[in-house]
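Q: Please take a close look at the enclosed spaces inside this protein. Describe what surrounds them, and then follow the cross-links and charged pairs in the rest of the chain.

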Amino acid sequence: MLLNSLKAVGLVCALALSGLAHAGPTVDAIKKRGELVCGVSQGSAGLSIADAQGRWTGLDADLCRALAAAVLGDASKTRFVPLSSQQRFPALQSGEIDVLNRNTTITSGRDSGLGIVSAGIVFYDGQGFMVPRKLGVKHATELDNAQVCVQPGTVNEQNLVDYFKKHKLAYRPVVIENLVELEQAFYAGRCDVYLSDASTLAASRAARAGKPDDFVILPERINKSPLGPFVRQDDPNWTAIVRWTVNALVAAEELGITRDNVEAQTQSSDAQVRRLLGTDAGIGKSFGLDELWARNVIKAVGNYGEIWDRNLGAATPLKLERGLNAQWNQGGLLYSPPFQ
């Protein structure tokens with residue numbers, strides 16, 4: 001028995017040293033199906049929202065396409081499944097979707113108690129309050145006895161309780177599961193305050209308020225809300241692919257690789273660029289993917305900065321500053337480990 005165990009250990013070590021990696025069951029299922037199934041929001045401008053023609057746009061939607069490009073070599077082979085906050089985790093747990101890219105906050109409980117795991121941070125956000133300008137409210141500490149619109153089953157709901165308790169403020173929750181209905185209730189005046197991630201508030205104000213200047217996002221952020229993709233815990237290969245696809249988008253921006261110059265960059269003498277783009281083989285093989293996987297990703301959606309500018313930046317209705325979502329060498333928190 002000991003001899004057999006030693007042989008097994010030796011085989012594992014040999015495979016590891018050889019750099020071989022077999023794609024896990026999720027990748028196998030995606031390839032067999034011929035499409036990646038991605039859980040997204042029911043409509044959050046800048047993150048994931050469908051236009052009148054049914055085309056999904058946003059940071060989360062582009063990450064879905066990036067993953068399809070990584071696995072299938074074709075970003076168009078993505079099926080988007082809009083999910084409410086209460087539907088999202090059961091849909092992932094049951095296998096209805098391959099990955100959840102739905103402006104979902106990473107927390108210890110979600111990583112440890114649901115059979116799912118986060119696979120990288122794509123947006124450093126924080127929860128805040130939006131109010132009608134006519135109320136004259138300048139700070140969240142002035143919200144005593146306010147009616148607050150909030151979605152159930154979200155960290156927003158718990159943070160609402162924590163914040164008002166900490167500051168000894170009274171409030172009346174208006175709990176609505178469907179995001180569209182919740183926002184309609186807020187703009188119709190059924191509640192004084194809309195609580196959500198600041199990015200969601202900015203998207204809502206820009207896209208649905210009609211007169212954006214009539215609404216104010218208060219300066220306080222009541223928590224740290226890093227958003228990122230989630231996958232099931234039972235497939236470490238898929239977790240690694242999702243995490244390193246996020247890293248590839250971040251690294252591409254830092255290295256100056258864009259959608260337009262990616263092919264020219266394959267001739268670069270920079271070792272990081274050559275490994276990332278598959279000019280020097282090995283990275284793709286280690287994930288069980290084509291060596292050109294990251295090149296396909298960048299050709300499909302661009303680097304992180306291009307995705308930001310297209311969906312959230314100064315030229316969009318949201319006009320969000322990069323802030324914490326800038327590169328680490330530009331005053332932000334974005335940082336990719338090395339590809340090697």
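A: The model is a predicted one, and it contains three cavities of 30 Å³ or more. Rolling a probe the size of a water molecule over the atoms is what shows where empty space is left.

The largest cavity encloses about 150 Å³ of space. Its lining is made up of 17 residues, and those nearest the centre are R88, R102, N103, Q151 and N156. Two elements, helix α6 (155-166) and strand β11, each give at least two residues to this lining. By class, the lining of the largest cavity has 11 polar, four charged and two nonpolar residues.

The second largest cavity has a volume of about 50 Å³. The residues around the second largest cavity are L59, L63, V122, V246, L249, Y304 and I307. Helices α3, α9 (236-255) and α14 (304-311) each contribute two or more of them. The lining of the second largest cavity counts seven nonpolar residues, with no polar and no charged ones. Y304 is part of that lining, and Tyr is counted as nonpolar in this scheme.

Helix α3 leads on to the disulfides, of which the structure has two. One of them is formed by C38 and C64, with the sulfur atoms 2.0 Å apart. C38 sits in strand β1 (residues 36-40) and C64 in helix α3 (residues 59-72), so that this bond links distant parts of the chain, 26 residues apart. Helix α3 therefore has a part in both features: it holds C64 and lends residues to the wall of the second largest cavity. The torsion about the S-S bond of C38 and C64 is about -55°, which makes the disulfide left-handed. Both of these cysteines are buried.

The other disulfide joins C149 to C191, with an S to S distance of 1.8 Å. C149 lies in strand β9 (residues 146-150), while C191 lies in the loop between α7 (179-187) and β11 (193-197); the two cysteines are 42 residues apart and belong to distant parts of the chain. The loop that holds C191 thus ends at β11, the strand that also supplies residues to the lining of the largest cavity. The S-S torsion of C149 and C191 is about -90°, so this disulfide is left-handed. C149 is buried, with a relative accessible area of 0%, and C191 is buried with a value of 3%. When the bonded cysteines are numbered in sequence order, the pairing reads 1-2, 3-4.

Turning to the charged pairs, the model has eight salt bridges. In one of them, R33 pairs with D98, and the closest N and O atoms are 2.7 Å apart. R33 is in helix α2 (residues 25-33) and D98 is in the loop between α4 (88-94) and β5 (99-100), with these positions 65 residues apart in the numbering sense of being that far apart. The two partners fall in separate accessibility classes: R33 is partly exposed at 34%, whereas D98 is buried at 2%.

A further salt bridge is formed by the side chains of E35 and R79, at 2.7 Å from N to O. E35 belongs to the loop between α2 and β1, and R79 to strand β4 (residues 78-82), so the pair links distant parts of the chain that are 44 residues apart. E35 is partly exposed, with a relative accessibility of 22%; it counts as such because buried requires a value under 20%. R79 is partly exposed too, at 38%.

E263 and K299 make another salt bridge, with N and O 3.1 Å apart. E263 lies in helix α10 (residues 262-265) and K299 in helix α13 (residues 293-301), so the bridge ties together parts that are 36 residues apart in sequence. E263 is partly exposed at 38%, and K299 is partly exposed at 41%.

Lastly, salt bridges link D62, R65 and R310 in a network.

Technical notes. Residues numbered from 1 in each chain as written. Predicted model: local features only at pLDDT ≥ 70, side-chain atom pairs only at ≥ 80, totals over all residues. Heavy atoms only, no water. Disulfide = S-S within 2.5 Å. Helix = DSSP H or I, 4+ residues; strand = E, 2+ residues; numbered from the N terminus. Buried < 20%, exposed > 50% of the residue type's maximum accessible area, 1.4 Å probe, protein only. 1 Å grid on protein atoms, 1.4 Å probe; cavity = no way out; pocket = protein on both sides within 12 Å on 5 of 7 lines; lining within 4 Å. Points joined across faces, edges and corners; volume = space filled by probe spheres on them. Salt bridge = Lys/Arg side-chain N within 4 Å of Asp/Glu carboxyl O.
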